[in-house]
Amino acid sequence: MCSLALFPPPLSGGQITLYEANNELVAGSSPDCYEKQHWDPPSLNFPRETLKPHSRPESSSKAAFLDHKDTLWMRSAGAWYMLAYICSFKELFNHCESFSFNCFFLTFRSDSAIRSFAWHPHTDKFAVALLDDSIKIYNSRSATAPTLKHRLQRNVSAMQWKPLCASALAVACHTCLLVWHVDPSSLSTRPSSGCAQVLSHPGHSPVTSVAWSPSGSLLVSASPVDTAMMVWDVAAENCVPLQRVGGGGVTNVSWSPDGSRLLAATPSALFRVWETRMWTCERWPCLKGRCQSACWSPDGSRLLFSVQGEMVIYALTFSDMTGGPKSAAVVADLSETTFSGIDDITVGGEVQSLAWDPTGERLAVLLKGSSSHPAIIAVFKTRSSPVFELLPCGFVSGEIGAEPRLIQFHPHFQHGALLTVCWSNGRISHVPFYFVSVGRPHTGGSPPLPHITSKIEDYSTTHTLYTEQIS
Amino acid sequence: MLSFNQDCWFVRKVVRWRALASIAWSVLLLPATTTLFVFLVRFSLFHPVEWISECFGLLTAASTIFSLILLCGVVLVIGFFNLEGYTVVPSIPCSRVALLAKVLHPRQCVHSLVHCTVGMMVMWCASVMAGGRYQALGSPCTRGESADAPEVCLNEYHLFLLLAGAFIGYSHSFLGVVQNMNYVSFQIIQQYKYLRCKGSLPWVLKCSAVQSLYAVRNYVALYFFFGHIPRAWISNSLNLPIDSSVHSLDSLTGLLDFSLLYHLWISGAFLLLTWYITVLLFRIYVTEAHRFPVQSTFAEDAEQCLPKVLSEKRTLIMKFLALQDLALLSQHSPPRRQEVFSLSQPGGHPHNWNAISKECLALLSDLTQRLVAHHDAVASNGRARPPSATSDTRTTSNSSVSSAVVSGTEDLPQTPRPSVLLKTPGSVFLKSSGRGISSPLTAPFTPDLDSPFSTPSLRHLAAQQVPQQGQWLGSVQSPHIIRRGPKLWSTSTDSQANGSALASPVPTPSSPPPEQKSSFMAQWLQNRKEQVKGFMAKRVLVVYLFNKLPEASSQALFADSQAHIWALEGLSHLVAASFSEDKYGVVQTTLPSILGCMLSLQEAVDRHFKLPHASSKPVKTSCSMGDSTYKTLRFALRAALKTSIYRITSTFGEHLNAVCISAEHQKRLQQFMEYRE
């Protein structure tokens, strides 16, 4: 079992993690201080002040989050999701003094102008949902960045691009599910709302999580107030509700990369793993709290998840032979650790989100901060044979005062893994991890020989050389 | 037409048993629904204890048991009609008059009549169980003073309920036609029957309650105006005098009786619920995935193997289930995929793969041809080509083409691009199915026919002569494709003849083929037709009845597209899996034709969606048992097609540059490889 004590100490003094090369994280003082080799995803900055305030009638920032036309339950559910930390009881209890509650809430999440981020699974393209309910799409091949706006596109909480498709983007909104069809060859900067399909089902709102099946044929959406999760045939706009008793809703759905299983987390201490052939599920009650975040290994056989209130990462291993796992094993301990150096730095805490890179070699863990120490990203190396284990890689830190909010790996980075981080100050940065993947199928079909030799180059000078050899 | 006449092993061994099982389950569910009904109909707010004890007493009473037995009979009848009438390819009327013809078709009349009767029976049971004033048709008269007064009078409440049963039965049958209730769609995901049933029960409950509400509204309005007619008739024929001291029910005071309306609504909901449950269970059972073996070790089982079953032309349900099985196996089961890729033991031929891919490709290229033909037939403004354009080619047509075939194959010109013609589809869908309703050939082309008379009924007729029609269509596909005659509805003779053919149950080659006439006659007829057309087009009613419904042509073209979707999914998954699993490279040999076929289909679909009305979304029907999945099948097909091509390109990547396909397709494929589509 890996623990944070085994990690190299985190950076201090305003240093920024730039990239990983030859098994080491390289730091620098500014994000632009190293040469970019291949297509570089734009590092964007969305300061909160530049965003227009909401155009809805009640334009106070409180109303931006909690629509007071909704019922109390809806509001509590919305607040519950967006807070991610605080269970929905708080909204109920604090109903009378909801103003103070909302103030607290604003200080918590609204510091980042970015609500959601999604890489396209096949091309160098990503979508960013901003606080003003607009979505911007950046493409490596075109200079235009279309902005998507829709009357119903409010409180975007999740987005995902459709696999095996160039254009479809599913957006989980407050009242419905929108599926945008953004023509990649179009030059328009404001696609009309006719490009968006509206999918809604009575009782199924707010939608907080969406997941496309990896084969691109089905879309699953979930709402924390609806006990049923919806399986959509998007093109035909019909849906099948899948309902199970217990849990009180579905907060998070995530499809395993091979498409055989689907994780559905509930607001209570229970999550389900559905198998997607006959759509039966197995229940996984947690002892402590609800499932906070989870991610699948690239081959779909292993599920890592974290539970609210515990500072560990659990692993479940599925295989078709043995009939499924009996219990979850702890694979990493993330309890608070203090690194003593020039000044003592404390890291550790509960897990906010997990991300596993598509080659299955790096695992990024976003650790929640506390009053004493900020949130931080810990990166593990993962190895699945002979036994599954996590090895320390390092911490990724950003500019001073900026905390990571969202993390996601680029789905097909050629030279290793590319971690995209959305920071609390509105910046989106990309941290490449250069390594030679063992398991990655090489599209060219030739053996990956040239890569191996570069490993023995000198560490300090080879960054450019190394990547040149790759390309 | 009856399924019992079919000798297909699948219907005998699978479908019939499934239908029986579904009926058995709906019979078993009857006591539960009856109990629910009894409790609701006897509900009294102020005497809860009496209410409950009374209900329990009633449930064990002999009359209730007898009602239950009667209801079982009703469910059997409904189940039988479900089995007889179901179809996996809906028939879509393209104009209002076609819909009218569908409703007035003799078969449909029998259906309605039986449903009326059965509805009355259910309502009789309901009124017996409701008790009180609804109990019997005769009731003691109230005016006991006069000595010569008859003992028994007509109980109008009972009659009211009975007539409501007949009305709801008829409206069920009528709505069944309008909403294609006999259409059975397949679920997008697989679920166990029990869970699926459990998941849909609340919806069915809601549906029956809502539909019953509508039915009550309509019935009450109808009874208010015409209620006295049946009442007088019954009273006369049964010699039951009408009690004049009681308010008659076709007055405002009589109808504004809240408890009467409540009982009517509950009874209607009960009636619809029992029927809907039967329909639901039948759908669930019949669409359950069936696993066909890919290959069999015994020669006598070869009939039941997937490659053979896929090429089935008559039993559409079997073909659909086989395609579904293909799509499932290609996604979920590597060992069965291995069987598909395997070589035959002596000889080493990939028979399985060849048969499967050939069948799927035939399906897809058939759809391509249909779309191209449709597109060519429809001018850019959405109207069909003028008759004169086709009349000159009429001489080539077979002189003894029956009207049914003409209606089906018209506007099937030679496809302009030779690439599309490469595949001569031995397609199933061009041949008639054994089931009358679902001959998909006629469906697709009726839209541009403008000949409403020929649509549904002729399809029934046509289906009765399966072998001949098969031959006809075979000949149609030959290069001298028959151009059709002039527009039927707009012109006199043909349409008249077709109209008369409606009533006759035997398919008569009704219209004397125009080719036999001299050219002078043809010219004269042509002029007359133009005149009549001009005259008729000015009449509002005619225009209303005969105008094409928007979207209907698109819907009809894609009516059977579920099969194409599965074929696309199955093929693309198999091709993608072959990248790593196909040891002998059997898939490689067909890869160019698969890609070519998909890309030309993609082109045809793209062109089709540029037509007016093709991309407009249908209005959602809120709460009805009619399945409207077929209305959006074209969108599903378009999405599935793109996904399939992307699946192949993303799996093979750069290797696809080595595949020999035409330059045009290569360009198109490049678009897909760069994710620009």
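**Notebook: chains A and B**

I started with the interface: chain A and chain B bury about 2,600 Å² between them, and 59% of that is on carbon and sulfur atoms. On the chain A side, I noted that A:Leu164, A:Arg277 and A:Met278 lose the most area to chain B, together 23% of what that side buries. Worth writing down early: this is a predicted model.

Next I looked up who touches whom. I found 30 residues of chain A in contact with 27 residues of chain B. For polar contacts between chain A and chain B, I got five residue pairs, both residues at pLDDT 80 or more. How many salt bridges cross the interface of chain A and chain B? The rule finds one. I tracked it down to the side chains of B:Lys617 and A:Glu237, at 3.5 Å from N to O. I also checked which elements give two or more residues to the side of chain A that touches chain B, and these are β15 (228-233) and β16 (238-243) of chain A.

**Chain A by itself**

I counted six helices and 33 strands in chain A. Of its 471 residues, 57% are buried. I then took the contacts in chain A with a separation of 6 or more, and 50% of them are between residues 24 or more positions apart.

I looked in UniProt too, where an unreviewed entry lists residues 250-277 of chain A as "repeat: WD". In the model, that stretch is 0% helix and 54% strand, with its end C-alpha atoms 20 Å apart. A:Arg277, at the end of the listed range, is also one of the residues I had noted for losing the most area to chain B.

**Nonpolar cores**

Which residues have the most contacts inside the largest nonpolar core? I get B:Phe10, B:Phe292, B:Trp353 and B:Leu656, in a core of 92 residues. Helix α27 of chain B (residues 633-652) gives the largest share of this core, 11 residues. Apart from it I found another core, of 60 residues, with B:Leu58, B:Phe160, B:Leu255 and B:Leu272 among them.

I picked B:Trp353 for a closer look. Leaving out residues up to four places away in sequence, I see B:Trp353 touching a list of residues that includes B:Val340, B:Phe341, B:Lys358, B:Leu571, B:Val587 and B:Ile594.

**Salt bridges**

Over all chains, the count by this rule comes to 21 salt bridges. I went through a few in chain B.

B:Glu359 pairs with B:Lys319, their closest N and O atoms being 3.5 Å apart. B:Glu359 is in helix α14 (residues 351-377) of chain B and B:Lys319 is in helix α12 (residues 316-332) of chain B, so this pair ties together parts 40 residues apart in sequence. Are these two buried or exposed? Both B:Glu359 and B:Lys319 are buried.

Helix α12 of chain B came up again with B:Asp325, which links to B:Arg336 in helix α13 (residues 334-341) of chain B, 11 residues apart. I read 2.9 Å, N to O, for this salt bridge between B:Arg336 and B:Asp325. B:Arg336 is buried, at a relative accessible area of 6%, and B:Asp325 is buried at 6% as well.

Within helix α14 of chain B, I found a salt bridge between the side chains of B:Asp366 and B:Arg370 (3.7 Å, N to O). These two are four residues apart in that helix, so about one helical turn separates them. I checked burial here as well, and both B:Asp366 and B:Arg370 are buried.

Last entry: B:Arg18, B:Lys193 and B:Glu288 are joined into one network by salt bridges that share partners.

Terms used: Residues numbered from 1 in each chain as written. Chains lettered and ligands numbered in written order. Predicted model: local features only at pLDDT ≥ 70, side-chain atom pairs only at ≥ 80, totals over all residues. Heavy atoms only, no water. Core = buried A, V, L, I, M, F, W, Y, C linked by side-chain atoms within 4.5 Å. Buried < 20%, exposed > 50% of the residue type's maximum accessible area, 1.4 Å probe, protein only. Contact = heavy atoms within 4.5 Å. UniProt positions renumbered as here; feature names shortened; annotations may be inferred. Buried area = accessible area lost by both parts, 1.4 Å probe. Salt bridge = Lys/Arg side-chain N within 4 Å of Asp/Glu carboxyl O. Polar contact = N/O pair within 3.5 Å; in protein donor to acceptor, adjacent residues only side chain to side chain.
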